[in-house]
Amino acid sequence: MTELNGLSIAILGGTGDQGKGLARRFALAGHQVLIGSRSAQRAQEAADSIGAGAGGGENADVAARADIVIVAVPYEGHKALLESLRGELAGKIVIDCVNPLGFDKQGAYALPVEEGSAAQQAAAVLPDSRVVAAFHHVSAVVLMDPAVDKVDLDVLVLGDDREATDTVRALAEAIPGVRGVYGGRLRNAHQVEALTANIISVNRRYKAHAGLRITDI
């Protein structure tokens, strides 16, 4: 498996539940973690709340400083943020875990994306970055729960750059219990993002924090 020693990780939108949960797990695994936000103060407060040596700063600052950048912002601000950070993200692995979802009285549903998916939108906006789709179905509640030592989950990793997807698979497996599984080219990210709506429905019906496991591999 790919060696990750010495690689720093920035999480854009790291003050949100999923971003903060991923930051916590990667920091506990011994990685240098930087939480990004529009507000440096909010980012540092989030970093202080998880401890384990995490730092914080404005999105542009942490994006420029990190080796790997995870995008965990609301879909509404996804494209504009990435457009503003095109220079800082050039040449880097950018992991997009954004789920374009809407909500109404019937529950969650997938939103149409002109480029096909949030990950493909990221790739279109960031032609000089190595965009990978991953971490769409990880429960923030589970990630933040100190009683959960091992997370029972497979993370589907999609992308067109073999070295980049191998690196992201290895990063997923830095979280105890998690397995990184290659899930296809970036053009197949739409159904992975959309599946989050189904998982939300499962969780609401069964009062659970469900994840995915892939069998026979």
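## Exercises on a predicted model

In this predicted model, residues 9-100 have end C-alpha atoms 23 Å apart, and the span is 45% helix and 24% strand. UniProt, in an unreviewed entry, places the feature "domain: Pyrroline-5-carboxylate reductase catalytic N-terminal" on this span.

**Exercise 1.** Work out the strand order of the open sheet, and find which strands stand at its edges.

*Solution.*
- Start with the order. The 8 strands run β3-β2-β1-β4-β5-β8-β9-β10, with mixed pairing.
- Now look at the edges. β3 (55-58) and β10 (178-184) each have a single partner strand, so one side of each lacks a neighbour in the sheet.
- Add the twist. Neighbouring strands are turned by 25 degrees against each other on average, direction ignored.

**Exercise 2.** State the sense in which β1 and β2 pair, and name the bridge partner of A10.

*Solution.*
- Recall the rule. Strands of a sheet pair through backbone hydrogen bonds, either parallel or antiparallel.
- Apply it. β1 (residues 8-12) and β2 (residues 32-37) pair in the parallel sense, over 5 bridges.
- Pick out the residue. A10 has L34 of β2 as its bridge partner.

**Exercise 3.** Describe the largest pocket: its volume, its lining and the elements that contribute.

*Solution.*
- Take the volume: about 980 Å³.
- Find the centre. Of the 36 lining residues, D17, Q18, A72, V73 and P74 are closest to it.
- List the elements. α1 (17-28), β6 (101-104), α7 (140-144) and α9 (189-206) each give two or more residues to the lining. The largest share, 4 residues, comes from α9.
- Sort by chemistry. The lining has 17 nonpolar, 15 polar and 4 charged residues.

Definitions and conventions:
Residues are numbered from 1 along each chain as its sequence is written. This is a predicted model: local features need pLDDT of at least 70, side-chain atom pairs count only at pLDDT 80 or more; totals for chains, interfaces and linings use all residues. Side-chain values use heavy atoms; hydrogens and water are left out. UniProt positions are given in the numbering used here, feature names are shortened, and annotations may be inferred rather than shown by experiment. On a 1 Å grid over the protein atoms alone, a cavity is a set of points where a 1.4 Å probe fits but cannot get out, and a pocket is an open set with protein on both sides within 12 Å along at least five of seven lines; lining residues have an atom within 4 Å of a point. Grid points are joined across faces, edges and corners, and a volume is the space filled by probe spheres set on the points. Ala, Val, Leu, Ile, Met, Phe, Trp, Tyr, Cys and Pro count as nonpolar, Asp, Glu, Lys and Arg as charged, and the others, Gly among them, as polar. Two strands pair if DSSP finds at least two bridges between them. Axes are lines fitted to C-alpha atoms, for helices over the stretch in contact, and angles run from 0 to 180 degrees between N-to-C directions.
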